[in-house]
Amino acid sequence: MRINLDINGEIRELDVEPRTSLLDCLRDHVGLTGAHTGCEHGVCGACTVLFDGVAVRSCLMFAPQAEGSKITTIEGVTPGPGEMSVIQDAFCETHGMQCGYCTPAMVLVAHALLIDNPNPSRDDIVDAISGNICRCTGYAQIIDAIALAAERLRGANRPVELTK
Amino acid sequence: MSAISKFRFVSTDRRVREDRRFVAGKGKFVADIQLPNTKHVALVTCPHAAARIVSIDKSAALKMPGVHYILDGAELAAATLPLMTGLDTPNVPRRPLAHEIARYSGEWVVAVVADSRAQAEDAAEEVVIDYEPLPFVLDAEQALESNDILVHEAHGSNVLLDKTFTWGEVDKDFAASPRKLKLRVKWGRSSTVPIETFGVTASWDPWRDMLDVHASIQMPRFNDQIGIALKIPVTSVRVHHDVDVGGSYGVKRGIKHTVLCGYLSRRLGFPVKLLEDRLENMRGGDAHGPERLFDVEVAFDDNGIVRSMKMRALENVGAYAGRSPFQLGKPVGAIVGPYKIQSVQYRAVAVVTNKTTQDAVRGFGQAPTNVAIERTMDEVANVLGLDRLEIRRRNMIRHDEFPYTIPSGTTYDSGDFHAVIDKVVAHTSYEGLKVERDALRTQGMLAGIGLAACLEPSGGNATFEALLNPKVQTSTFMDSCRVNIDGVGSITATMHTTSSGQGHETLVGTAIGEVLQIDPELIRVVRPDSLNSLPSGTPVGSRMAIMLGGAAFHAATKLKTKLMTIAAHDLGIPVERAVYDQGNVYDKNKPEHRRTWLDLVQIAWRSYHRLPADMEPGLAASHIMQVPTGGTLPDADGRVQMYPCTSFEFHLILVKIDPDLGRPEILKYRIGHDCGVVINPKIVRGMTMGGIAHGIGAALYEEFAYNDDGQLIAQTFMDYLLPSSHEVPDVQIIHHETPSPHTVFGQKGSGESGYLGSPAAVANAINDALKPLGISTNRLPIKVSTLGDMIAAAQENKSKGH
Amino acid sequence: MKAAPFEYSRPADIDEACAMLAADENARLIAGGQTLVPMMAMRLARPTRLVDINRIAGLSYIRQDGDAIAIGATTRQCDLERSATIARDIPLMAKAIPWIGHAATRARGTIGGSLVNADPAAEQALIAVTLDAVLNYREDKKTIEIAAGEFFVGAMVTSLPSTACLTGLKIPVWHGDRIGTGFHEVNARRSDFAFVSSAVQVQLDADGTCKRIAIGAGAATDFPMRLTSAEQQLVGSKLDAAKVKDVVTEALADIEALDDLHATAAYRKRVAVSMACRAVADARASALGEKLHAH
Ligand SMILES: Cc1cc2nc3c(=O)[nH]c(=O)nc-3n(C[C@@H](O)[C@H](O)[C@H](O)COP(=O)(O)OP(=O)(O)OC[C@H]3O[C@@H](n4cnc5c(N)ncnc54)[C@H](O)[C@@H]3O)c2cc1C
Ligand code: FES
Ligand code: FES
């Protein structure tokens, strides 16, 4: 079926089977491979995208359902080719990752959190990422990254915004 | 071996160069690689724990839209050789698809190839297979003790391995010891379960006779095994190493997947891709980890000095065996942990059962073994009424006793265990922790302190192969690096395997930068494909810092020497007078008399007439590194030098259990960690934190549980519970550094750190908490419900006055 | 793990949605999809038509309706979590919502989907039963009301007709002073489905005597239950711990507890008592304005 999706501020006209998950649609039909497939049953969070600004699991939605909403992927919060957002840079500074598989989702969750709560406590951060499984890091450096990003953003007196 | 005393880049808190691409979602994982005209595989799996495949009807499935081919085990078995196994067990063949008999629930029976994965799944549902269910065995002890049900009839028993080693005067030591204690410890079946499942694309080019493989692998000699199984020259297999692997920690081996796709691509003429879905991964990905039963007996004196140990380790390897039984061999290199136990009897038994096949898991059998040892140390202290930390201190090897050779023949390189412990308790008072624990107890909580001290053997030799399979004569496990300085003076280095988050590109850059005194950021690190590669043992055995870092160091050193030789020759001075300074070389006696980096590049690349006689032009060097301390085979008694280095970790934790709920909560977590010289602090911290989290999973949450029908019931992420950020405490690492004498910078391994001790620490803390109730548990994972039921029963007994 | 093929439709209103269900017995509604989509991905559910009610206007609301708070079926769990109305008038629900899955699943999951799905451990079902919610659904162009206590009939089974669409529910608001709530649950990981849970709402007299109490027990049995006998015995009491324990134990004495991979029946049965006692204690303390310990 033909659908129009608003992805990172761009309207995409797509022809998909209704059963195509938003995740598969992004990866296979739009070529945005930053959202990753981990479990396809809603538990790991690797497929996280922002849906009208809120973190959701893209494996738990069929592509046609996303019509009429704004979808933001990791590609959409990356300021430009080779350029990192404050949050992405903070993840690099603390090494908030290892294999990088859960990372785009973690970065998006951090974006969503910091839009909502510019001054999160450690517990807030722990809670915000608790729906995203990272098998590599034990979370410590991810928590550090988000705390560091929050601090830097506060210091810059610049609220987080989605670039697109 | 040269040790550098002061570092420019090593040990400094530098960024990890791989990270940039990952934060932008630009990693190149196997699922991201789209070759034109790729077709997709879905699998039909066996619903029975064991069954004879009576017939397979593909007709309806072949008519489904988008379907290209349906492959069964008979066709594949006729065309390929069985997969390589580690032990000498020719009658236990392992194949990608079940042939005639399927031996576990979830085993792959038929592969469907279609235009899309969804279509392949549609057609998979239409394949009609007639099975005749067979009797099955799930329990390792039953499989060991009885031949009534054989997983592999032709093998004649279920036992793949049963070897007993005796190192030292075990009988005498037992007879001479006033006290003995027996303990049974069960490590439940868990694994590393990366968030990325295994995936592979195989693409055959008949005009070049080339099978291109992109896969999320971490497997030594992967290309050899594929070529052999497919009966094609290994030179016709090109494994691409520039694939980012979404976590592995040992299990991403994927031989069967790749042989399957390789065969299909050759048969069908287009690229064939198999990305396991989570169910295929959990049930039939052959990536389960150890399920091990330990019977430990120790002999000790009234002071708690443990003299001797007998250990039987019974491993339930599942239905087939690849390298997994070797996980009984690796712990031989640290079989006494950090303790001076003077004699050991070790019986290693591996049996097949009708469960999913295993592969290598982080630590290669060491983490379960450490639980057995550390639970035992606690119990020794308990029966004597001695403090558990004190008893560890008494038994531990002292700093001045290194190098120290343990009864099983391995020499530990260096360590200062007492210093690490002292540092940890200086950071967090052990006595203070006891006060905290006791306060919780008076509030009605169960509370316990967990201690665990253990080693991380690192450097990754493969002598366990020869130890357990005398037909194998492996006494090396190489890694390599090639460094090239190009015609304009830029540096490119190679590594020859994939990596899965360990930061190897950063490692190579740092090591070379250190030697050549050049900013590591300026050094390009690439991963040539397998046909362009030098030997690599891959990131197993906590070895890359030592082996890849070492190879990079040595290759760069060769170049540095060459640069100095060229400069000396050009300056007309003896090479001893040449001083290397950040790429430039000058005369020690006349520092203004010098050749710059670009001068030297110019000479090497273009001015052959200025090179010393017979010197090769250009500036390239390779190094293939032998494992330090390697090179020998086990002796007749199975004494063996296993890994070259031993990192050390000491865990100190406080756990609270609400007695009504049985739900443990880790309140404090401290780890003292010594992995020698740290090359990159961010990476080492990450490895340790990740390892601890993984170990907490193994101790409390994760288990591939089966029901009595032989069905895997923990096959989704709703039932196989990976720790989330809520379950991982805020861990404090207390760092210590005892350099290894065997490595180029003094580094040791840290790829398995945390994981090797955290399950033991958690188990010990819970048992300490249970002590006032007079109960204990030695079965991991310690699940909430089980613990709750145990506590309730104990309380009831107590109130009844039993 | 790809869903079997289906047709997708997005009806304009409830009656059209119901008509689609009536026209095809294998059609299924989809709301938040947080349960249905995983089931479809594993092909444990294979609807031929998916009727998406997410964008039907007027199905998502939280509003006052007489003495009750009315909630629309497609109201998302995250909206309930953030609602000032819920926090003020249905504080028990506000306490329970954060226990449902993760923020990302609450961002999509709906209260209607959770009720119809009727997982024995569903927090929202427990709240509905505990607070005597009245559910309404639409079938054949008629709106029908049903009490939560009659709605749940088995594990994952409700009395909702297969061609009906749940439209919303009303939860009576308790008025007056000294109303307190307590919610407890236990699971392995913080975000997992509960092994056992309990929700309690209580109203006390000025002297601390229990005037009114509702005690619900979730996850232990096929569907949430009210501990009616305990409630009756506690009204007029001071809710002292020993008494609470006795009557709760008695009320749970004959339950047939669920037994699965994660928790034994014995565990559920025993811990259901602890959960209820703790929820009562918390409810009492909050009615008295005492500070609670974090659990
Ligand atoms: C990782 C994870 C953790 C979770 N943890 C919890 C938890 O701790 N507690 C908990 O309660 N839930 C939990 N859930 C499930 C919860 O998120 C779901 O929101 C809920 O069970 C279903 O709501 P839904 O709106 O997503 O419904 P859907 O998945 O869209 O639908 C569920 C069922 O209800 C039917 N349906 C939906 N709406 C209507 C309607 N208006 N009328 C008639 N039928 C309807 C559908 O046809 C379907 O059969 C979890 C889910 C995930 C993925
Ligand atoms: S892939 Fe979507 S939650 Fe795991
Ligand atoms: S970085 Fe590997 S899973 Fe998180």
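**Entry 1: domains of chain B**

I count a polar contact as a pair of N or O atoms within 3.5 Å; within protein, one must be able to donate a hydrogen and the other to accept it, and residues adjacent in sequence count only if both atoms are side-chain atoms. I keep in mind that this is a predicted model.

I looked up how chain B is divided. I found domain 1 (19–26 + 478–625), domain 2 (33–134 + 198–275) and domain 3 (292–463 + 633–799). I then turned to domains 2 and 3. Their centres, taken over C-alpha atoms, are separated by 37 Å. Domain 2 of chain B brings 20 residues to the contact, and domain 3 of chain B brings 18 residues.

I looked up the buried area next. Between domain 2 and domain 3 of chain B it is about 1,700 Å². Carbon and sulfur atoms give 58% of that. Which residues of domain 2 lose the most area to domain 3? I noted Arg94(B), Tyr104(B) and Tyr249(B), which together make up 30% of what the domain 2 side buries.

I searched this interface for salt bridges, and the rule finds zero. Polar contacts do turn up: nine residue pairs, both at pLDDT 80 or more. On the domain 2 side, the residues that touch domain 3 divide into 11 nonpolar, five polar and four charged.

**Entry 2: chain B against chain C**

I moved on to the interface of chains B and C. Chain B gives 30 residues to the contact and chain C gives 27 residues. The buried area is about 2,400 Å², with 55% from carbon and sulfur atoms.

How many salt bridges cross between chain B and chain C? I found seven. One I looked up joins Glu125(B) to Arg43(C), at 2.9 Å from N to O. I also noted 20 residue pairs in polar contact between the two chains, both residues at pLDDT 80 or more.

I checked which helices of chain B supply residues here. Helices α4 (117–124), α9 (278–284) and α20 (784–799) of chain B each supply at least two residues to the side that touches chain C. Helix α20(B) gives the most, with five residues. I then sorted the chain B side that touches chain C: 13 nonpolar, four polar and 13 charged residues.

I followed the charged residues into a network of salt bridges. It links Glu17(A), Arg19(A), Arg117(B), Glu121(B), Asp122(B), Glu125(B), Asp277(B), Glu280(B), Arg43(C) and Arg46(C). Glu125(B) and Arg43(C), the pair I noted above, are both in this network.

**Entry 3: helix α3 of chain A**

I looked up which residues are buried in helix α3 (residues 86–94) of chain A. They are Ile87(A), Gln88(A), Ala90(A), Phe91(A), Cys92(A) and Thr94(A). What do they pack against? In chain A, I found α2 (74–77), α4 (103–116) and α6 (140–155). In chain B, I found α1 (19–23) and α18 (681–701). After α3(A) comes His95(A), and its phi is positive, near 60 degrees.

**Entry 4: salt bridges within chains**

I searched the whole structure and got 94 salt bridges over all chains. I looked at three inside single chains.

I began with Arg152(A) and Asp89(A), whose closest N and O atoms are 3.1 Å apart. Arg152(A) sits in helix α6 and Asp89(A) in helix α3 of chain A, so this pair ties together parts 63 residues apart in sequence. Arg152(A) is partly exposed, at 34% relative accessible area. Asp89(A) is also partly exposed, at 22%.

Next I took Lys28(B) and Asp242(B), with their closest N and O atoms 3.4 Å apart. Lys28(B) is in the loop between α1 and β1 (39–45) of chain B, and Asp242(B) is in the loop between β11 (237–240) and α8 (255–268). They are 214 residues apart. I read Lys28(B) as partly exposed, with a relative accessible area of 36%. Asp242(B) is partly exposed too, at 34%.

Then I went to Glu703(B) and Arg779(B), which meet at 2.7 Å, N to O. Glu703(B) is in the loop between α18 and β28 (731–736) of chain B, while Arg779(B) is in strand β29 (residues 779–780). The two are 76 residues apart. Buried or partly exposed? Glu703(B) counts as buried, at 12% relative accessibility. Arg779(B) counts as partly exposed, at 33%.

Note on methods
Residues numbered from 1 in each chain as written. Chains lettered and ligands numbered in written order. Predicted model: local features only at pLDDT ≥ 70, side-chain atom pairs only at ≥ 80, totals over all residues. Heavy atoms only, no water. Domains from an automatic or database assignment. Contact = heavy atoms within 4.5 Å. Buried area = accessible area lost by both parts, 1.4 Å probe. Salt bridge = Lys/Arg side-chain N within 4 Å of Asp/Glu carboxyl O. Nonpolar A, V, L, I, M, F, W, Y, C, P; charged D, E, K, R; others polar. Buried < 20%, exposed > 50% of the residue type's maximum accessible area, 1.4 Å probe, protein only. Helix = DSSP H or I, 4+ residues; strand = E, 2+ residues; numbered from the N terminus.
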